[in-house]
Amino acid sequence: MKTLKAVYPGSFDPFTLGHMDIIQRLQPFFDEIVVLIAQSSEKKCLFSDQERKALALEALKKFKNVKVDVHSGLTVDYLKQYGARVIIRGLRAVSDYEYELSMANMNKRLYPEVETMIIFSRPEYNYLASRMVKEVAFHGGDIKGLVPPNIEKALIKKISKRRS
Ligand code: ADP
């Protein structure tokens, strides 16, 4: 039997409840989903690749068919090697549209067998972005209900470490 695999790529710096919602809603349709964390320079992300991976893994542990991996380079190269043809992306608002469209088109050009599946965020998460969560946390605002509990703790710890 064929295994239906999908890859959900992103920065996930950190993984939020908006990302979680996408996984929760789509995981029943796939045998396996990989949350693919884009490797990036320490300067660009608050959390290191391995921290982002560990935090997402902990948050997603109840989903037996969801894995977390780190990758540097083209997402389509990961898909080819993993044997997947589906990329999952989320759309919050019109502002996401152009970026998602060009990325889907570029990925299709690089790997014609690939399909990007876009899922709309729930209205209650359509303003939620990792960048905003970090900004609120930096200024001491309440981030409960925006990220999974383990990530809330890790964010607070990371920020207080940066301050001291
Ligand atoms: P990137 O850095 O590639 O934009 P992100 O980690 O910010 O990666 O997000 C990964 C994917 O999840 C993107 O398609 C993004 O639009 C989507 N996403 C992020 N936050 C939400 C949300 N609150 N609701 C739905 N989709 C989201």
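Begin by selecting Arg89 and Glu100, both of which are buried in this predicted model. The two residues form a salt bridge, and their closest N and O atoms lie 2.8 Å apart. Arg89 belongs to strand β4 and Glu100 to helix α4, so the pair ties together parts that are 11 residues apart in sequence.

**Along helix α4**

Next, select residues 94–110, which make up helix α4. How far apart are its end C-alpha atoms? The distance is 25 Å, which agrees with the 24 Å that 17 residues should span at 1.5 Å a residue.

Within this helix, colour Asp96, Glu100 and Asn107, the buried residues of α4. Then display α3 (75–82), β4 (86–91) and β5 (115–120), which are among the elements that cover these buried residues.

Stay with Asp96 and add Arg92 to the selection. The side chains of Asp96 and Arg92 meet in a salt bridge, with 2.9 Å from N to O. Is each partner buried or partly exposed? Asp96 has a relative accessible area of 14% and is therefore buried, the limit being under 20%. Arg92, at 37% relative accessibility, counts as partly exposed.

Now move to Met106, which also lies in helix α4. Met106 is partly exposed, with a relative accessible area of 45%. Add Leu74 and Leu110 to the view: with Met106 they form a nonpolar patch on the surface. Together the three residues have about 260 Å² of accessible area.

**Into the nonpolar core**

Return to strand β4 and select Ile88, which lies in that strand. Ile88 is buried, with a relative accessible area of 1%. Which residues does Ile88 touch, not counting residues up to four places away in sequence? They are Ala6, Val7, Tyr8, Pro9, Ile22, Leu26, Phe30, Ile33, Met117 and Ile119. For a distance back to helix α4, pick the C-alpha atoms of Ile88 and Ala104: they are 10.0 Å apart in space, and the two residues are 16 apart in sequence.

Ile88 is also a guide to the largest nonpolar core, which has 37 residues. Select Phe15, Ile23, Ile33, Val35, Leu60 and Ile88, the members that touch the most other members. The elements giving two or more residues to this core are β1 (5–10), α1 (17–26), β2 (32–38), α2 (49–59), β3 (66–71), β4, α5 and α6. The largest share, 5 residues, comes from α1.

Within this core, centre the view on Val35. Leaving out residues up to four places away in sequence, Val35 touches Tyr8, Phe12, Phe15, Ile23, Leu60, Val66, Lys67, Val68 and Asp69. A second, separate core has 11 residues, including Tyr78, Tyr82, Ile87 and Tyr111.

Tyr78 leads to the next stop, His71, which lies in strand β3. At 16% relative accessibility, His71 counts as buried. Neighbours within four places in sequence aside, His71 is in contact with Leu36, Ile37, Ala38, Gln39 and Tyr78.

**Further salt bridges**

How many salt bridges does the structure hold? There are 11. Select Lys134 and Asp13, which form one of them, the closest N and O atoms being 2.8 Å apart. This pair links distant parts of the chain: Lys134 is in helix α5 and Asp13 in the loop between β1 and α1, 121 residues apart. Lys134 and Asp13 are both buried.

Then show Asp21, Arg25 and Arg122 together. These three residues are linked in a network of salt bridges.

**A last stop at the surface**

Finish in the loop between α5 (130–138) and α6 (149–163), where His139 is placed. Is His139 buried or exposed? His139 has a relative accessible area of 69% and is therefore exposed, the limit being over 50%. To close the tour, pick the C-alpha atoms of His139 and Ile159, which are separated by 9.5 Å, the residues being 20 apart along the chain.

Notes. Residues numbered from 1 in each chain as written. Predicted model: local features only at pLDDT ≥ 70, side-chain atom pairs only at ≥ 80, totals over all residues. Heavy atoms only, no water. Helix = DSSP H or I, 4+ residues; strand = E, 2+ residues; numbered from the N terminus. Expected span 1.5 Å × (residues − 1). Buried < 20%, exposed > 50% of the residue type's maximum accessible area, 1.4 Å probe, protein only. Contact = heavy atoms within 4.5 Å. Core = buried A, V, L, I, M, F, W, Y, C linked by side-chain atoms within 4.5 Å. Patch = residues over 30% accessible without salt bridge, like charges linked within 9 Å, V, L, I, M, F, W, Y side chains within 5 Å. Areas by Shrake-Rupley, 256 points an atom, 1.4 Å probe, with all protein chains shown as cover. Salt bridge = Lys/Arg side-chain N within 4 Å of Asp/Glu carboxyl O.
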